[in-house]
Amino acid sequence: MGAEHTAIPKEFYAHFKIFHELMAIKVREILLVSSPYDAFIMEEDGSLASRIINEYSGLNLSHPPRVTRAASARQALNRLNEKPFDLVITTPHVEEMDAFTLGLEIKKRRPQLPVILLAHSLRGFYPPPEGRNCGGIDKIFVWSGNSDLLLAMVKNVEDHLNVGFDTRRAQVRVLILVEDSPVYYSSFLPLIYKEIVRQTQAVLGVGLNEEHRLLRMRSRPKILLATDYHEALALYRRYRAYLLGIISDTRIPCDGHLREDAGVTLLSQIRREIPDLPLLLLSSASENRQCADAIPAVFLDKNTPDLLGELHAFFLDHLGFGPFVFRHPDGTKIGEAGDLRALQALLPSIPDEALLYHAQRNHFSKWIMSRSEIALASKFREVQTDDFGDVAQMRRFIVSSIQEMRKWQQKGVVAQFKAHSFDAEIMDFVKIGLGSLGGKARGLAFLAALLRQDPSLYEKYPDIQIKIPKTLVISTDGFEAFVQANNLRHLAAGEVSDDRVRQAFLAAPLPDWLVADLEVFLSQVTHPLSVRSSSLLEDAQFQPYAGLYQTYMIPNNHPDLAVRLGHLLTAVQLVYASTYYEGPKAFARNTANKPQEEAMAVVIQELEGDAYGDFFYPAISGVAQSHNFYPVGAMRPEEGIAHIALGLGKTVVEGEKTLRFSPAHPGVLPQFSSVDAILRNAQRHFYALRVKNYPDNLNFETHSNLEKREVDEADGEFPVATLASTYVHDEHRVRDTTSVPGDRILTFASILKYDGFPLPGLLTDVLDLARRGLGCSVEIEFSVRLSADAGIKSEFSFLQIRPMVAEEDRLEVQIRDREERMAFCRSGQALGNGRRVDIADIVFVKPEDFAPEQTVAMAQQIGRFNAGLVAARRPYLLIGPGRWGSSDRWLGIPVQWKDICGVGAIVELRNAALNAEPSQGTHFFQNITSQGIHYVTVTEGSTDFIDWSWLASLETVAETTFLRHVRLPRPMVLKIDGRRSRCVMVKPLEETDPETLAEDDRCRPANFET
């Protein structure tokens, strides 16, 4: 049995949603019935309502109840008819009837409504005279001016109402108090509750945020009050499996009579059945200490002047709320641990005999139970020391179980960064500051919670470590404090160059508190890091700002912490600076947003991958989308699409050469349709981070510290050896191996053809989970680390998730035959749906003058045309070859958003000059589609076409070396049938009004049939 104890099964880890279900029945409305005199006596130092509120806030408890007053019995009964109450508190002397009669009347109307009698003295009614029907009163308490009693009364009612469900649902612990005297339990119960609440708060603070601390307070032990032997025995039997301990008076009623030793009899019976259950015997007679020793139980003299101190000691020493004290069997102290982290650290060095001593007495289980880690405590309690082959095996089980639990405790939780308790080993997602996470980090936090709530991916792919890289987020208040302290807000407005913004931000110091926290973070983390933007508006569905801000990579392995800290601070400053760059500001002008209102959070993540020589990179980076805008063959749009590349993800998101495939059809690769196509389209370069032999002053401006490497240069490195094939010149053939001589070609055959890593199936499941979670089409960025060691799992890491603009089109657009005949442009691969009748300007790259080596100059010329058209408020059609917005100038024209921000529609030409795959996985493409800009791909030589001779005949407004700007006499009509991805751009005719054409489009609501 012991050999199987390696980790805690996931079903033992209660998700935080369980805590939402606990304490479901709350006392929110209290009806207080009292005569003016009783009210005066009890409220001499303030009203009951305000005292209850003060007690709740003083103990950091939520939702204090509201108190409604009634001065007479009749008024109280009328109030009960008017609104629901959760609790009635009545004083003994009430006008028109006594409290016992009122209680009976209330029970006739509301049998389940708790009624408490609160008196400032028991004289005259307790014990009740013989024959008195006390059935209307559930409990009697004595008011001594201590407002703690009010909290205890309310919480005790809630505990009795919730204990049944909460113990079954979450194994919440139960503490039973056995005391018959209202005077004693009225003074004793508040002490117990205050101690329970404070001790529970003290042990729940490590690593969690405030929301989860409040939720977990609901799992504090329930305190049940019994007033006689048989009631106590019944509670013990009902909740035996959940007991934390029992506190009992020595003299309690049994069979209707007070018995001097009934409490001793009760605890002795329980001790025989549960040998290690904490028991406390109370008595006003000090000689009963011998009875306690005989049970054995802890003894507490009711007359001791330090009653609270001794009760506090019982909670710390016997109920597990204090530090865990390691002792030798003879009682000699070895050391102590104040929390689970310290316990885990001490366990390896504890002597075998001491470890056995604590394990045999269930000390670990009790101590962990007090920290509301009920699943782990229950697991430890079920295991006996003789289940293990030796002490070493038991030690490994205890340490690994605690470590696993601490990791699961943090999963799906955004924990608040605290310098004194930060633990990089187990904290997966941590936040500095109290501001917003920003869009990118918010998406990751949602994904972390989604993965915790739905473990199906872990279960289906047990041999893959599916995760989100360890993440630290600097919330937006860091940016706000930085900008305000250094007076940088003015840079958001006006025409300020990116270089001027960059220099101003680099010259401004970051807040001292932020620098101090980042230094603590780096003192524990020496892994390569990515430093990424997470603005408030980033990754929103209809204005994603994708790729407009900066990302930087740093090696973070320099032996000098000060050097590493300097690198990180520079990266953060540069990410902050990108908030005010021209690109985001130009994009904002197309939305309702104002640049000066933008705020930036920063995501600092451990970089995924491995070191190979001087470089660090993952085997695969990619982007996957749940909606495929360009399905071919048997592919369907809803099956999604993926773009993958060797190395870091810059290759993918900036539109360089990648491999495009549908996860549902991984064998269908149009890019690799022939040997020549493979040679032409395969990835030749990749990005990696240099982690050795780099200068102290990193070059942040060149590829964000990355280096562009040749695939051939990495021939001997494991990812290339695994993912590449070999081109054999003599055979003009590509072989799926790297064991033969020849040129290495990245085909990813081991993944897509031979299932060496189940990427297609995993992406299908991941996209489905994410789409259901977001409720719309989604895009994810990911990386894959392939393990060269069969004993170590390969890893799939989520880097980003964002909504896509791929909703079902609501209008059905019909394109008629005569419009096909009148069109100057026709395409079978178009994005969008509907029509435009406001475009009369066309800017196009002259086919006869196109030169691939001049694409950078073309981008600059387009920017100048764009500026003039934006100033004139004239939307335009842009036509050019290759992949728009690609950072690889050999695949297309590398425009940025600021260069084309006034465009109304874009045509991407695929022809002999540039036959790149359509833009789909890039940040540029995401921003284009989010703006509702129609994006049309024209593959020349197919059924698509552009009438170049007609375009050449139009009036020329302006011309450059590579571009021509022409203007139509009347606006054209652009129509896209989004359901069939078809587009026509219709020539304006002198006799045809474009508005008439538009009205004749027969655009009507689509008929959505099930």
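This report walks through a few spots in a predicted model of a protein chain, from its confidence scores to some helices, rings and loops.

**How far to trust it**

Let's start with confidence. The protein chain has an average pLDDT of 83, and 85% of the residues score at least 70. Residues 1-15 are a weak stretch: their pLDDT is below 50, though the model still gives this stretch 30 contacts beyond near neighbours in sequence. Another such stretch is residues 991-1010, where pLDDT stays under 50 and the model has 42 contacts beyond four places in sequence. Where pLDDT is low, the predicted coordinates should not be read in detail.

**A helix with a buried side**

Now look at helix α5, which runs over residues 99-109. Which of the residues in α5 are buried? They are Ala99, Phe100, Leu102, Gly103, Ile106 and Lys107. These residues lie on the same side of α5, because they cover an arc of only 155° around the axis. That pattern is easier to picture with a bit of helix geometry: an α-helix has 3.6 residues a turn, so residues three or four places apart point the same way.

What covers the buried residues of α5? The cover includes β1 (29-33), α4 (73-82), β3 (87-90) and β4 (115-119). At the start of α5 there's also a polar detail to find: a side-chain oxygen of aspartate 98 comes within 3.0 Å of the backbone nitrogen of phenylalanine 100.

**A buried asparagine**

Next, go to helix α6 (residues 148-170), where you'll find asparagine 162. Is asparagine 162 buried or exposed? Its relative accessibility is 3%, so asparagine 162 counts as buried. The side chain of asparagine 162 reaches the backbone nitrogen of alanine 24 at 3.1 Å. Setting aside neighbours within four places in sequence, asparagine 162 touches Met23, Ala24, Ile25 and Lys222.

**Rings that meet**

Aromatic rings are fun to hunt for here, as the count comes to 22 aromatic pairs. Two of them are laid out in this table.

| Pair | Centre to centre | Angle between planes | Type |
|---|---|---|---|
| Phenylalanine 380 and phenylalanine 397 | 5.6 Å | 65° | edge-to-face |
| Phenylalanine 422 and phenylalanine 521 | 5.9 Å | 50° | tilted |

Phenylalanine 380 sits in helix α16 (residues 374-382) and phenylalanine 397 in helix α17 (residues 391-410), so their pair ties together parts that are 17 residues apart in sequence. Both of these phenylalanines, 380 and 397, are buried.

For the other pair, phenylalanine 422 is in the loop between β15 (415-416) and β16 (429-432), while phenylalanine 521 is in helix α22 (residues 512-524), so this pair links parts that are 99 residues apart in sequence. Phenylalanine 422 and phenylalanine 521 are buried too.

Rings can also gather in a group: Phe479, Phe482, Phe505, Tyr576 and Tyr580 make up one aromatic cluster.

**Charges over rings**

Some rings have a lysine over them. Lysine 302 lies over the face of tyrosine 184, 3.8 Å from the ring centre. Over the ring of tyrosine 687 you'll see the charged end of lysine 650, at 5.6 Å from the centre.

**A buried loop residue**

Last stop: isoleucine 933, in the loop between α33 (923-930) and β41 (934-939). With a relative accessibility of 7%, isoleucine 933 counts as buried. How many residues apart in sequence are isoleucine 933 and glycine 904? They are 29 residues apart in sequence, and in space they are 5.7 Å apart, C-alpha to C-alpha.

Key: Residues are numbered from 1 along each chain as its sequence is written. This is a predicted model: local features need pLDDT of at least 70, side-chain atom pairs count only at pLDDT 80 or more; totals for chains, interfaces and linings use all residues. Side-chain values use heavy atoms; hydrogens and water are left out. Buried means under 20% relative accessible area, exposed over 50%, partly exposed in between (1.4 Å probe, protein chains only). Helices (H or I, at least four residues) and strands (E, at least two) are DSSP runs, numbered from the N terminus. The arc is that of the directions from the helix axis to the C-beta atoms. Contact means heavy atoms within 4.5 Å. A polar contact is a pair of N or O atoms within 3.5 Å; within protein, one must be able to donate a hydrogen and the other to accept it, and residues adjacent in sequence count only if both atoms are side-chain atoms. pLDDT is the predictor's confidence in each residue, from 0 to 100. Rings of Phe, Tyr and Trp (its six-membered ring) pair if their centres lie within 6.5 Å; planes under 30 degrees apart count as stacked, over 60 as edge-to-face and the rest as tilted. A charge sits over a ring if NZ of Lys or CZ of Arg is within 6 Å of the ring centre and within 35 degrees of the ring normal.
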